[in-house]
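Got the viewer open and a selection box ready? Let's take a walk through this one, stop by stop.

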Amino acid sequence: VPTCVSAVHTDAGKVVVGYCGGFVGLFDGVSGTLENVAGLSARPQVAWDDVRDAPCDVCAQPNKITTHTSLPLTVSVHEDGSLRLLDLRTWHNIHTQQAHSGPATALAIQPSGLQILTGGVDGFVRTWDVRKQAMMLYETHLHSGKLGEACCTVAFHPTLPMLASGGADGRVNILSQGGGDWRAARKNLATMPDSRKRALAA
C-alpha cells in the first residue's frame, strides 16, 4: 500500500514512493517502470515480490518522503517516529535515528539543502543538519494534540530564513531565524484577523 510520494529533485524523470512496511520504490515517471526497491536494513535492496507479499507493518510505514534538492538522497519520516536517509546511488540506508517520540507526520528540506525540518504527533517541530548525519539543531513544541494528531505539515520559505508549521489544533506558526535562533519571531496565524493573514500570504 503506497503511503507517500515525491518527485526526485536531482532527476525530474523519476519518482520515489513510500510503502506500508517501510519500503521505498523508485519509478520512471514517464514509463511508470519500477527501477529499484529498498527496505529498512543497512543493505536494503529487495525484489518487488518481497514488497508485494510482505505483511503491512504500519509501524514502519513512511508517512512523508522527499528528496534532497541537490544530492541523490531520499529523506523519509515514519510511523515509528524515525527519520531515515537513503542513498539513491547505492540504495543503502546511510542514516536512521529517532526523530519524534510518536509518529513523525511532517517533513521538508531547506531549499539550500542544509537542513531537514520534521514535525510529529508529539507536537514538536525539529530541524536537523544534513551535513552532520542529521544532528538536531533546534526543537520547539508548537502544537497541542487533537484527535490523535498534532503537527500535520511543515515548510521552509523558498528564499527567506523562515519556516512554518500547521497542526490539528488549528494553529499555523511562522518562525524567523535570527542569529541562528529560530525562536526570534513566532506568529500564530490562527489568532490573526483575515486581512492580516492575506497580507502575510501576499
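Start by selecting Trp91, which is buried, with a relative accessible area of just 3%. This is a predicted model, so treat each stop as a look at a prediction. Trp91 lies in the loop between strand 7 and strand 8 (93–98). Check its backbone too: phi is positive, about 60°, although Trp91 is not a glycine. For context, most residues other than glycine have a negative phi.

Now jump to Leu147, in the loop between strand 12 (135–141) and strand 13 (151–156). Buried or exposed, what would you say for Leu147? Leu147 counts as exposed, at 82% relative accessibility. Leu147 also has a positive phi, of about 55°, without being a glycine.

**Zoom out**

Colour by secondary structure and you'll find two helices and 16 strands in the protein. Of the 202 residues, 47% are buried. If you draw contacts between residues at least 6 apart in sequence, 37% of them join residues at least 24 apart.

**Strand 10 and its partners**

Select residues 115–120, which is strand 10. Six of its six residues are buried, so the strand is largely enclosed by the rest of the structure. Show the side chains: Gln115, Leu117 and Gly119 point one way, while Ile116, Thr118 and Gly120 point the other.

Next, add strand 9 (residues 104–109), which pairs with strand 10 in the antiparallel sense over five bridges. Within that pairing, Ala108 stands opposite Leu117. Follow the chain around the hairpin and you pass five residues between the two strands. Gly113 is in that turn, with a positive phi of about 85°.

On the other side of the sequence, bring in strand 11 (residues 124–129), which runs antiparallel to strand 10 and is joined to it by five bridges. Here Leu117 turns up again, standing opposite Thr127. This hairpin has three residues between its strands, and Gly123 in the turn has a positive phi of about 85°.

While you're here, select Phe124 and Arg126. The charged end of Arg126 sits over the ring of Phe124, 4.6 Å from its centre. Don't go hunting for aromatic pairs, though: the structure holds zero of them.

**Asp122 in the loop**

Click Asp122, in the loop between strand 10 and strand 11. Asp122 is buried, with a relative accessible area of 16%. What does the side chain of Asp122 make a polar contact with? The partner is the side chain of His100, at 3.1 Å. A polar atom of the Asp122 side chain also lies 3.1 Å from the backbone nitrogen of Ser101. Setting aside neighbours within four places in sequence, Asp122 is in contact with His100, Ser101, Gly102 and His141.

**The nonpolar cores**

Select Val75, Val77, Leu83, Leu85, Leu107, Ile116 and Trp128 together. In the largest nonpolar core, which has 13 residues, these are the ones that touch the most other members. Strand 6 (73–78), strand 7 (82–87) and strand 9 each supply at least two residues of this core. Apart from it lies another core, of 11 residues, among them Ala108, Tyr138, Leu142 and Phe156. In soluble globular proteins, nonpolar side chains tend to be buried together.

Centre on Val75 for a closer view. Beyond its neighbours within four places in sequence, Val75 has contacts including Leu83, Leu85, Leu107, Ile109 and Ile116.

**Two last stops**

Go to Gln61, in the loop between helix 1 (48–53) and strand 5 (62–67). Gln61 counts as buried, at 14% relative accessibility. Its side chain is joined to that of Asn63 by a polar contact of 3.0 Å. Draw a distance from Gln61 to Val77: their C-alpha atoms are separated by 8.5 Å, with the two residues 16 apart along the chain. Leaving out neighbours within four places in sequence, the contacts of Gln61 include Thr3, Tyr19, Cys20, Val77 and Glu79.

Finish at Cys4, in strand 1 (residues 2–7). Cys4 is buried, with a relative accessible area of 11%. Cys4 and Pro62 are 58 residues apart in sequence, yet 7.0 Å apart in space, C-alpha to C-alpha. Again leaving aside neighbours within four places, Cys4 is in contact with Val16, Val17, Gly18, Pro62, Asn63, Lys64 and Ile65.

Key. Residues are numbered from 1 along each chain as its sequence is written. This is a predicted model: local features need pLDDT of at least 70, side-chain atom pairs count only at pLDDT 80 or more; totals for chains, interfaces and linings use all residues. Side-chain values use heavy atoms; hydrogens and water are left out. Rings of Phe, Tyr and Trp (its six-membered ring) pair if their centres lie within 6.5 Å; planes under 30 degrees apart count as stacked, over 60 as edge-to-face and the rest as tilted. A charge sits over a ring if NZ of Lys or CZ of Arg is within 6 Å of the ring centre and within 35 degrees of the ring normal. Buried means under 20% relative accessible area, exposed over 50%, partly exposed in between (1.4 Å probe, protein chains only). Helices (H or I, at least four residues) and strands (E, at least two) are DSSP runs, numbered from the N terminus. Two strands pair if DSSP finds at least two bridges between them. A polar contact is a pair of N or O atoms within 3.5 Å; within protein, one must be able to donate a hydrogen and the other to accept it, and residues adjacent in sequence count only if both atoms are side-chain atoms. Contact means heavy atoms within 4.5 Å. A nonpolar core is a set of buried Ala, Val, Leu, Ile, Met, Phe, Trp, Tyr and Cys residues joined through side-chain atoms within 4.5 Å.
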